[in-house]
Structures are given as structure tokens and as C-alpha cells.
Amino acid sequence: MRLLVLGGTRFLGRHVVDAALVRGHAVTIFTRGQNPLPWSGQVEALTGNRDPRIAPGLAALGHGVWDAVVDTSGYVPRIVDASASLLKGRATRYLLVSSISAYASSALPGQDGAAPVLPPVDRDNEDIPNNYGALKASCEDVVTQHFGAGATNVRPGLIVGPFDPTDRFAYWVARFIHPALLGSRPQQAVLPAPAKRPIQVIDGRDLARWMVALLENDIAGTFNACSPEGRWTIGDLIDALVDAAPSPPEPAWIDEATLHAHAVKPWTGLPLWVPSNDSDHTGFMSFDCTKAAHAGLTARFLAQTIDDTAAWLVARDNVGAWKNVLSADTERAILAGDIR
Ligand SMILES: NC(=O)c1ccc[n+]([C@@H]2O[C@H](COP(=O)([O-])OP(=O)(O)OC[C@H]3O[C@@H](n4cnc5c(N)ncnc54)[C@H](OP(=O)(O)O)[C@@H]3O)[C@@H](O)[C@H]2O)c1
């Protein structure tokens, strides 16, 4: 298969390229060329800019024929429209990496691909941080308009594992296995009770391998892509971390009222914490991913993702990391408050 990856050098795209190479496919990537390539000589690397308003735009994609496109870097309908219209007729299938954030609501658990998505925002509105889900939903529409039955939309939940630049899962791995990476930390680790709160994640490598298989089999459709609903709780994650850590901190399960009292921000202030009283997000970690599972998506054991993330964390440059995690000061204050 001749595969074009729009992106490919940061996290998920990198795993897509790896998975495609393992399967013997001919891979072309298209990026701005800002990241080093780990595949010397094995990949055709085209440079440009996905935004046609920024020279040289998509000129490097002006010719060439591919069996499939994987778009890991599409966030804005206008920009996705530029690549999809340019590649229509020169690629058989276009797989867009969308997101479960495209859904109109995550209040209810068990939503499948038929649940309503967010309505479009104004055409000129390209504010990704504030309209990420709505823009993704519109990007899906654009791909479907151009590719019809050749469109595949994949809506992942939280993607984790090596090369994840967000630190959402990596924080927990570091906290238990390499706490020194987070500076000086107490012997107890603050955890958001209750331990039975569901979590749903997908290792980027499992997702990538499955997406490549979808393309090999020319599978159309829209898929939620995550671990099976109900498979894991945050307690399972902590148990796996304790098992993996040579000298784990002592788990301190903290009730949500205390976290709120210390002004801990859900998700961005304590990764993976979605408060139980946030009724808009009750189903955020409980999407129905059965369709993807039936199409071959599997989720590896947490222990594997933990081990490989831990190894990657010590190899990477941690300068500038840990921006959206619990600070050591807040962690100490919470623990001290517990004792009072
Ligand atoms: N992380 C999650 O938990 C999560 C959950 C759901 C969905 N998703 C979706 O999963 C995808 C993950 O993306 P990723 O960052 O891991 O993909 P990636 O393909 O590994 O990295 C992004 C690539 O896009 C390239 N790029 C960025 N801006 C560009 C531009 N203007 N023109 C050309 N190339 C450009 C970057 O290279 P250069 O910098 O060199 O240009 C890089 O190669 C995203 O679509 C995200 O919305 C993520």
C-alpha cells in the first residue's frame, strides 16, 4: 500500500508511520519539517504547510498517487478541505483522526458513533482551543463530502504511551516510577477518589496499528476508538503503577471536596480527574467502542503502556514538561490538610 501521512513526526502519526513500515507499506509524510525524522531513508518526506495561505502550502502534494491518506494533523475545516480536495482522485481512502470531543455531549455513558456531534461554528472561526470538538466534527464532514465511501473517521479517546506530548498519562507514570522527574515530591501521592472511577485510554501504538489495518482492508465508517467501556478504573491504573514501580509512593486517595477546596483544576490540574459532580462529563471516559473492537481494535495491558512510557520518559528531554499536572506545592498542601 502507498500511504500518505499528513503529519507523522510527533506522537500518533509517528506510530502510524512505524506501523505502516512494519507492514511493508511505502510511506510518504507531509510536514513543515520541524521535527527530526527517526526513519532514515525509509520514508519519503515532503515539506510544505497544510494551510494553503502559508507558502509553500500544499505544492509538494501537487502530484503523486496513494492508496490511502491518514490525516493526523487536521483541525480546521478550511485546511482539511484544501488537502481533501487536492487529493481526491489521487487517493482511494482518506482517514481523518477526529476525536470523541466531536460529540455534542459526553454527559451520558455508552455513546456510540450514532450520537449527535457538535454543530458547526462560524466559517471564519478557527479558534482550535475553544472549538476543538466542533471543528473536528466539521473536518469529518469535509472529508466525507470529498471522499464519500472512501472516508473513514476515527474518534479516539485519550491516546497514551511513548511520545505523548501532553503528560496526561505520563504524569502518573512519572509520579510512581520516576518521581524525581517531577522535582521533589512527598512520599504520599495524591489520587482522586473514588478509585472506581472509570478510565478509558488507548495506547497510540494499538490505535496506529489498527488504523493501518483499516486502510489495508479499505474499511469505511466512523469509529470511536478507545479501550472497551468499563475495562479499567483509575484504581486499576494505580494498582498497575504500584506493581511496576520499584519503590512506589504511598497512595493517598483524596475526596473530591478536598481537591476542589485546594482549587485543583480537573484534568489540567490533576490529569485524568473528571469530577463526579461534573454531570456534563459523566460519560467522558465511558464511550462505546464496540464497533472498533469488532473491526479489530485491541487495547494492550496497562502494564505494557506503563513500562514503555517509563522508559521513554527517561530518554526524552523533560525541559518544559509537566505544565498541566498537580504541582508539588499543592500536593503537599493537600496532604497536610488531610492530616489536620
Ligand atoms: N492526544 C489525544 O489524547 C487525542 C485524543 C483524540 C484525538 N486526538 C487527535 O489525534 C491526532 C494526534 O496528532 P499528533 O500530534 O500525535 O500527530 P502527528 O502526526 O504525530 O504530529 C503532528 C504532525 O503534524 C505536522 N504539522 C503540524 N502543523 C502542520 C502544518 N501546518 N503543515 C504541515 N504539517 C504540520 C507536524 O510536523 P511539523 O511540526 O514538522 O510540521 C507533525 O508531524 C490529532 O489529530 C488529535 O486531534 C488526540
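**Figure 1. Polar contacts of the ligand with Leu 12, Gly 13 and Arg 32.** In this predicted model, a backbone N or O atom of Leu 12 lies 2.8 Å from an oxygen atom of the ligand, and a polar backbone atom of Gly 13 is 2.9 Å from an oxygen atom of the ligand. Arg 32 takes part through its side chain, of which an N or O atom is 2.7 Å from a ligand oxygen. A polar contact is here a pair of N or O atoms within 3.5 Å; within protein, one must be able to donate a hydrogen and the other to accept it, and residues adjacent in sequence count only if both atoms are side-chain atoms. Taken alone, the ligand exposes 930 Å², of which the protein buries 89% (Shrake-Rupley areas, 1.4 Å probe; for residues, only the protein chains shown count as cover). Residues are numbered from 1 along each chain as its sequence is written, and side-chain values use heavy atoms, with hydrogens and water left out. Because the model is predicted, local features need pLDDT of at least 70 and side-chain atom pairs count only at pLDDT 80 or more, whereas totals for chains, interfaces and linings use all residues.

**Figure 2. The shell of residues around the ligand.** Of the 29 residues around the ligand (a heavy atom within 4 Å), those that come nearest are Gly 8, Thr 9, Gln 34, Thr 72 and Tyr 132. α1 gives the most to this shell, with three residues (helices are DSSP runs of H or I with at least four residues, strands are E runs with at least two, numbered from the N terminus). By class, the shell has nine nonpolar, 14 polar and six charged residues, where Ala, Val, Leu, Ile, Met, Phe, Trp, Tyr, Cys and Pro count as nonpolar, Asp, Glu, Lys and Arg as charged, and the others, Gly among them, as polar.

**Figure 3. Asn 49, in the loop between β3 and β4.** At 14% relative accessibility, Asn 49 counts as buried (under 20% relative accessible area; exposed is over 50%, partly exposed in between, with a 1.4 Å probe and protein chains only). The side chain of Asn 49 reaches the backbone nitrogen of Asp 51 at 2.9 Å.

**Figure 4. Asn 131 in helix α3.** Asn 131 counts as buried, at 16% relative accessibility. Asn 131 and Ser 101 are 30 residues apart in sequence, and their C-alpha atoms are 9.5 Å apart in space.
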